[in-house]
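Please open the structure in a viewer and keep the sequence at hand. The tour below proposes selections one after another.

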Amino acid sequence: MPVDPHYRPDPVYLTLGDEVADPVTPARFPKHVLRFRNQRWAQRVGLGALDQAEWEAAFARFQPLPDNLPRPLAMRYHGHQFQHYNPQLGDGRGFLFAQLRDAVDGRVLDLATKGSGTTPYSRGGDGRLTLKGGVREILAAELLEARGVPTSKAFSLFETGESLWRGDEPSPTRSSVLVRLGHSHLRFGTFQRHATHGRHDLVGRLVEHAIAHYLPEAQADPDAATMPPLAFLRAVVGRSAKLAARWMAAGFVHGVLNTDNMLVTGESFDYGPWRFLPRWDEGFTAAYFDHQGLYAYGRQPQAVLWNLARLAEALAGVLGDAPAMPILNEFAPVYRQAFVEAWLERLGVAPRGFEADRDLVEASLQLLAETQLPFDHLFHDWYGGLASEARAEASPVAAAYADSNAQPFREALREYEAAHPERLAEAVMQAPAPCSLLIDEVEAIWAPIADRDDWSLFEAKIAEIRAYGAVMGNAPAAPAT
């Protein structure tokens with residue numbers, strides 16, 4: 001396998017010892033049909049030069065990458081699932097495959113799988129992933145990246161030639177194996193597991209590991225020298241608050257915000273029953289099985305804070321008498337600031353100060369709630385503020401802007417200037433409709449794949465999302481030559 005100069009293996013997880021994960025053997029699949037290759041991120045981590053056979057060997061048969069993990073590792077964790085503690089969790093259909101450095105910013109990144117076979121934590125499952133599930137995860141990750149949400153990246157998807165039976169899909173259905181690239185897979189539930197077992201030594205080791213490799217702001221925290229767990233918790237609270245704010249501004253509903261689905265790096269991952277918001281509705285849910293709306297759109301910040309409190313509980317054995325509540329109380333102000341910033345970023349206007357900016361956000365929310373105009377249209381039609389007024393008035397939903405309910409929003413917007421006026425002439429901004437990804441479109445993309453193996457709509461959507469992300473300044477930078 002050729003080694004690119006930008007390939008920088010760094011399997012730091014091995015330094016934690018053998019009590020945090022289990023070596024596993026990947027499944028052997030009857031077919032390896034490449035359906036998606038994230039070449040721009042492959043180039044950024046030094047794997048862009050792999051030819052077709054080498055890519056298949058690495059990401060369908062999981063032959064070890066040079067100087068990397070010798071065997072895949074199924075990670076050990078517990079978690080609260082819909083706020084009920086489950087000690088039977090762990091990587092049940094995935095594993096950590098490799099770790100390497102980002103050639104642009106030097107971060108440690110994980111290559112991890114979904115659908116790669118059974119592990120000691122499969123709990124009777126088959127360890128597989130449906131092809132539709134893989135396609136949906138790619139779409140979610142791509143649009144979140146384009147909207148500036150910290151997210152894992154779908155890195156590779158192979159169709160694997162097996163027939164799977166699933167209750168939530170017409171069965172039998174096609175199978176796949178997904179590889180995602182993410183900034184660590186240390187979950188809140190990882191800490192919960194070892195705390196539950198009374199292994200506070202391992203909890204402390206995980207805290208130090210996270211600070212050393214993933215949380216530079218914790219290294220600079222005044223508490224880092226004398227009380228690392230406090231510095232760690234403060235960094236995780238801050239990152240998680242900012243993540244929740246960006247979900248909300250993006251109109252994204254994760255669907256399953258369990259503690260095993262939250263990472264200490266404040267990066268979003270593991271997209272199962274996700275949705276994007278059609279219209280402003282705080283009760284909108286993504287998971288059909290979320291009957292109580294626990295993880296509804298408007299309850300996501302609350303769910304994240306609840307999960308952070310469980311993380312703080314897991315740290316109790318290493319915090320000693322140091323109080324965690326003051327740090328948890330930092331969540332709300334960080335979230336409010338980050339939400340306003342993310343909202344203005346989507347509107348494409350330059351901030352004027354928190355108080356004024358908050359008033360603009362509140363006027364926006366009032367408009368969305370009272371007119372029920374499509375959520376993404378607001379940001380598309382008025383991107384750049386009044387510089388887009390004529391375009392907004394020609395929008396397919398222009399009637400909502402002529403309504404008296406729109407006047408507070410339009411008045412508030414008059415005080416703002418475009419943050420990036422050069423973007424307004426771009427084709428994606430001149431289109432009559434925004435780059436969205438509602439459930440009907442997802443199903444429409446999947447239908448020709450299922451019916452006749454036609455991937456043209458999927459490929460066109462990826463191209464559209466990436467064009468939008470590039471205009472928004474959210475495309476990954478290439479490493480320097």
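The tour goes from the whole chain to its interior and then to one helix.

This is a predicted model, in which local features need pLDDT of at least 70, side-chain atom pairs count only at pLDDT 80 or more, and totals for chains, interfaces and linings use all residues. Residues are numbered from 1 along each chain as its sequence is written, and side-chain values use heavy atoms, with hydrogens and water left out.

Begin with the entire protein, displayed as a cartoon: there are 19 helices and 12 strands (DSSP runs, numbered from the N terminus; helices are H or I of at least four residues, strands E of at least two). Of the 481 residues, 57% are buried, that is, under 20% relative accessible area with a 1.4 Å probe, protein chains only.

Next, select F191, F232, W343 and F458, which have the most contacts inside the largest nonpolar core, a set of 128 residues. Such a core joins buried Ala, Val, Leu, Ile, Met, Phe, Trp, Tyr and Cys residues through side-chain atoms within 4.5 Å. Helix α7 (residues 228-250) supplies the largest share of this core, 15 residues. A second, separate core of 28 residues can then be located through W55, F59, V177 and L181, which are among its members.

Finally, select helix α4 (residues 188-196), where eight of the nine residues are buried; F191 and H194 are among them. The buried residues of α4 pack against β4 (79-81), β5 (84-86), α5 (200-213), α7 and α8 (300-314). Just after α4, G198 adopts a positive phi of about 75°.

Definitions and conventions:
Buried means under 20% relative accessible area, exposed over 50%, partly exposed in between (1.4 Å probe, protein chains only). Contact means heavy atoms within 4.5 Å.
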